[in-house]
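Here are some notes for a colleague who is about to look at this model with the pockets and the surrounding helices in mind. The points are numbered so that each can be taken up separately.

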Amino acid sequence: MEDRNCPAPMDSGMDAGLYEEMTRCMTRMFNRYIELSRRSYTYCDDVKLYPNEIRTLRYIEVSSTTNFTDIANQAGLTRSAVSKMVVKLERMGLVVRYRYYPNQREIYIRLTEKGLEACKGYERYHEEMRRHLSDYFGALRTDQKVDILAFLNFYIAEQKCLPE
């Protein structure tokens with residue numbers, strides 16, 4: 001049975017060579033994304049952080065009170081995994097634990113100055129990436145941008161149609 005939410009197959013008249021080149025390029029792009037998500041980055045003072053670690057620091061930065069459960073829910077991790085990560089971040093001098101007066105039983109986490117510095121480094125990195133993309137996309141015509149966006153949405157919808 002055909003899923004009505006799935007887009008129709010691609011036009012068979014598309015140049016086969018161009019289709020193959022696009023497929024190879026997309027595969028390289030996704031492989032690169034996976035590779036980058038497994039790599040640590042230095043955002044401050046030679047402190048290397050993995051994506052999950054810096055995302056955790058960013059979540060702590062924007063929250064007024066953050067406990068292990070909050071982080072686990074936000075990151076999609078178990079409390080045990082969060083506990084191990086917090087221990088590692090504590091050893092690096094990026095976070096400290098504390099007890100909040102209204103709830104003395106719960107342990108909360110906040111950033112140290114070094115943790116704030118790492119978050120600022122992360123923001124600078126992403127601002128530079130946004131600037132590069134903005135330079136590229138700024139040079140495109142509106143119809144080209146619309147076509148790229150339509151293709152990305154099409155591809156995302158296609159992934160939902162794959163058998164599990």
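1. Thr 56 lies in helix α2, and in this predicted model Thr 56 is buried, with a relative accessible area of 4%. If residues up to four places away in sequence are left aside, the contacts of Thr 56 are with Ile 71, Met 85 and Leu 89.

2. One of those contacts, Ile 71, leads on to helix α3, which covers residues 68–75 and in which Phe 68, Ile 71 and Ala 72 are buried. Viewed down the axis of α3, these buried residues fall within an arc of 100 degrees, so they line one face of the helix. Asn 73 and Gln 74, by contrast, are exposed on the other side of α3. The cover over the buried residues of α3 includes α2, β3 (66–67), α4 (79–91), β4 (95–100) and β5 (103–111).

3. A second threonine deserves a look alongside Thr 56, namely Thr 112, which is placed in the loop between β5 and α5. Although it sits in a loop, Thr 112 is buried, with a relative accessible area of 18%, and the cut-off for that class is under 20%. Its contacts, again without residues up to four places away in sequence, are Gly 93, Leu 94, Val 95 and Val 96.

4. What volume does the largest pocket have? The space in the largest pocket comes to about 480 Å³, and of the 14 residues that line this pocket, Met 26, Met 29, Ile 148, Phe 151 and Leu 152 are the closest to its centre. At least two lining residues come from each of α1 (16–37), α5 (113–138) and α6 (142–160), and α1 gives the most, with 6 residues. By residue class, the lining of the largest pocket consists of 13 nonpolar residues, no polar residues and 1 charged residue.

5. Ile 148, one of the residues closest to the centre of the largest pocket, belongs to helix α6 and is partly exposed, with a relative accessible area of 29%. Beyond four places away in sequence, Ile 148 touches Phe 137 and Leu 140. For a sense of distances, Ile 148 and Gly 115 are separated by 33 residues in sequence and by 37 Å in space, taken from C-alpha to C-alpha.

6. The second largest pocket has a volume of about 390 Å³, and it is lined by 13 residues, of which Tyr 33, Leu 36, Tyr 41, Tyr 125 and His 126 are the closest to its centre. The elements that supply two or more residues to this lining are α1, β1 (41–44), α2 (51–62) and α5, with the largest share, 5 residues, coming from α5. The lining of the second largest pocket divides into 10 nonpolar, 2 polar and 1 charged residues.

7. Why does the model hold 0 disulfides, when Cys 44 and Cys 119 are both there to be considered? The sulfur of Cys 44 has its closest cysteine sulfur in Cys 119, at 8.9 Å, which is too far for a bond, because a disulfide needs the two sulfur atoms within 2.5 Å. Seen from Cys 119, the closest cysteine sulfur is likewise that of Cys 44, at 8.9 Å. Both cysteines are buried: the relative accessible area of Cys 44 is 4%, and that of Cys 119 is 0%.

8. The backbone of the loop between β1 and β2 (47–49), where Asp 45 is placed, should be checked with care. Most residues other than glycine have a negative phi. Asp 45, however, has a positive phi of about 35 degrees although it is not a glycine, and Asp 46, which is also placed in the loop between β1 and β2, has a positive phi of about 60 degrees without being a glycine either. As for solvent accessibility, Asp 45 counts as exposed at 52% relative accessibility, and Asp 46 counts as exposed at 73%.

Note on methods: Residues are numbered from 1 along each chain as its sequence is written. This is a predicted model: local features need pLDDT of at least 70, side-chain atom pairs count only at pLDDT 80 or more; totals for chains, interfaces and linings use all residues. Side-chain values use heavy atoms; hydrogens and water are left out. On a 1 Å grid over the protein atoms alone, a cavity is a set of points where a 1.4 Å probe fits but cannot get out, and a pocket is an open set with protein on both sides within 12 Å along at least five of seven lines; lining residues have an atom within 4 Å of a point. Grid points are joined across faces, edges and corners, and a volume is the space filled by probe spheres set on the points. Helices (H or I, at least four residues) and strands (E, at least two) are DSSP runs, numbered from the N terminus. Ala, Val, Leu, Ile, Met, Phe, Trp, Tyr, Cys and Pro count as nonpolar, Asp, Glu, Lys and Arg as charged, and the others, Gly among them, as polar. Buried means under 20% relative accessible area, exposed over 50%, partly exposed in between (1.4 Å probe, protein chains only). The arc is that of the directions from the helix axis to the C-beta atoms. Contact means heavy atoms within 4.5 Å.
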